[in-house]
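Student: Please take one part of this model and go through it closely, starting from a single side chain and working outward to its surroundings.

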Amino acid sequence: MESKSSPGSISVSAPLTKDDDLYRIEDRYAQLEKSFSSNRPKEDLAKVRAAFEFSRDQHIGQARKSGEPYIIHPIAVAQILVDMHMDLVCVETALLHDVVEDTGVTIDEIRKRFGPEVAVCVDGVTKLGKIQLYSREEQQAESVRKMLLAMVGDIRVILVKLCDRLHNLRTIGSLSREKQTRIGQETLDIYSPIAHRLGMGKVRAELEDLAFAAIDPEAHADICGQIEHKRKASQEFLEGIQKSVEQKLAREGIPARVEGRVKRPYSVYLKLKKQKIPIEQVYDLLALRIITDSLKNCYAALGVIHNEWPPIPGRIKDFIAMPRQNGYQSLHTSVMGTGGQAFEVQIRNEEMHRLAEEGVAAHWKYKEGRRGKSTEEQYVNWMRQLVEWQQEMRDPGEFMSTLKVDLYSDEVYVFTPKGKVVVLPRESTPVDFAYAIHSDVGNACVGSKVNNRIVPLKYSLKNGDVVEVLTQPGHMPSKDWLGFVRTSKARNKIKQIINATERSKAIEIGEKYFEKEARRLSVSISKIDEAILAQVLEDYGVGKLEDLFANLGYGKIEARPILMRLSPERAAQEEAKASEAVAPPPSQANMDKEAKNLALRVKGLNDVMIYRAPCCNPIPGEAIVGYITRGKGVAVHSISCTNVQNLMYEVERKIDVEWAKSGVESFDVQISITTDDRPGMLAQFTQILFSENSNIRSLEARGDDDRDGAVVDMKIEVRDKRQLEKILSALRRIPGVRDIERKS
């Protein structure tokens, strides 16, 4: 979404009185009206015109970063929805989706002018106001939460938002690199996975490719260049295979149309990065899609393909018999063609194809007006559960990281002993399965059998596994489970019990610590003034003494300063006998380590022991989060650290940290480069590091026979995130570099 304060618009005047602007606006609206009338002849065009004119008048004087009148954006979003055959409410919402956020119009006014349905949808799409107390992370989390809650009530909210994001990405070139990167990453994290969950394959594909180009234009150009380099040969191969398949299907009496395609740039990028292989080893780079008339002929066509070309083992997937959670159905197989060229084949009927391309939006295409909620149930049920599980998750970082896990997950299909199918995220465990059956089953889980064999609770379930849960009454979940469960339901139920247990334990520890420190300082707790105690509790932001004990037990605060405030007489005595102490000179290694830690600080607090977590070694410029450890101070992690999600089950231990100015010139970063094994690569690496004023602390190179390449591990010195990104970008441009991964 764009607003006067958002990346896509500015508040400077772009008068609509100019003839060319007026002509352009009216011309685009006329095309919108023509398309809508053609798709939905029974709808009231006067209502579309009213929404357009109201939006145009409200946005007058506003322009996008590109300089064009702002009203062009709502018209474009509405046009995308019209092309998807969406209904009147959806189109009205698209035209009005920014007026509440960008102008003085209220939701009540929208409700009075355009009705309750439009008002609900506009409100759902509208971001939260810029509350001064909210950080960007908190604003994003709460806006997404609001949108998801609204989506559960009316699916059209997210359809408008997806099309809004799609148009913004199509026109993102006017924004700064920083904003392009942020919007692109948010798209990959949230919006394209939602499109996938809603079965909207075409929208998801375009969102991902546009976001990829926005985040890393050089990597995008490199992948597109590799694909383009092979395009002529690929096109000739596909045309030959397509003709051959058409002939063989016709010979067997199977009516079908056959389409060829080359894998999308972002999909190719993900595969190369994950498997660390050259593009020649991507089996599904080339694909055929066979669209036939019936379920029977889908399987008949699969037989024809396998009879002609040998299938690649492990690459056959039947999503017809076991559809994905988003309703996607198709047969997938990868086969080996002539000359050793592998290609993928997808087989489906017309209805499956329509749903695969358009998903939930397909329900509006051949139906006047809105269909019943039952048709949307398969698409929003997962979101309804997600919202239910996360209602009490107030920490924005935890909410967003958990949401990403749920949105990204592929599915694994397992069975109960009675044959019921349970769909879980890939790499789910028996504990996830137990909680999917019932919370009580999960809490009491002590073991599991998979295919009649005892397995560990962290075993990764595979498609087709038959899972049996072993329970014991009165058993409670273990904190260790948080390290391997995959589903939100399992994670949140475990957290609820652990947090309650941990809080009780923290109160007990804190109280004992407080009493012990009071005895050491000879402070009588029974003689503490109630008024002073109430003031101390207020100053520490707690309502009662047990909350203070809990914070002491968690290690967030220390007992001595509290007792000094509660006993002014004792504080005066301590101050009187305080004497200076001479500390021994520190070693150079300790001085370097201390200097690096001084680059960090806890917001609002001084003299807190703080250090960079060795698992991710954050560097200046990276988003960071602090986690209070017992007896070791505050560990600072990068927000993207894989350990953060597991650490944040105790929200009370999270603490705000920030980068502080320091004299430290460099920080060590470990990177691993997967590359072709050819002479001169190391020389090119070192030349780039030299030109970027970065020093190599250590280097190790080894061959990788499995992938016909090499791996180079380096520890380099960098000043901050910006310098690191510049170095990595330059390294990726070297021909033969397949992937670069930051280790810490």
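Tutor: Asp87 is buried, its relative accessible area being 4%; buried means under 20%, exposed over 50% and partly exposed in between, with a 1.4 Å probe and protein chains only. The model is predicted, so local features need pLDDT of at least 70 and side-chain atom pairs pLDDT 80 or more, while totals for chains, interfaces and linings use all residues. Residues are numbered from 1 along each chain as its sequence is written, and side-chain values use heavy atoms, without hydrogens and water.

Asp87 sits in the loop that lies between helix 3 (72-83) and helix 4 (88-96). Helices here are DSSP runs of H or I with at least four residues, numbered from the N terminus. The Asp87 side chain has a polar contact, at 2.6 Å, with the side chain of Arg156. Such a contact is an N or O pair within 3.5 Å, one atom able to donate a hydrogen and the other to accept it; residues adjacent in sequence count only if both atoms are side-chain atoms.

Next, the nonpolar surroundings. The largest nonpolar core (buried Ala, Val, Leu, Ile, Met, Phe, Trp, Tyr and Cys joined through side-chain atoms within 4.5 Å) has 60 residues, and Leu81, Leu95, Ile110 and Met200 have the most contacts inside it. Helix 9 (residues 156-170) supplies the largest share of this core, 8 residues. Leaving aside residues up to four places away in sequence, Ile110 touches Phe54, Val99, Val100, Val105, Gly115, Val118, Ala119 and Val122, contact meaning heavy atoms within 4.5 Å. Another core, of 38 residues, lies apart from the largest one and includes Ile227, Ile254, Ile277 and Val304.

Definitions and conventions
Helix = DSSP H or I, 4+ residues; strand = E, 2+ residues; numbered from the N terminus.
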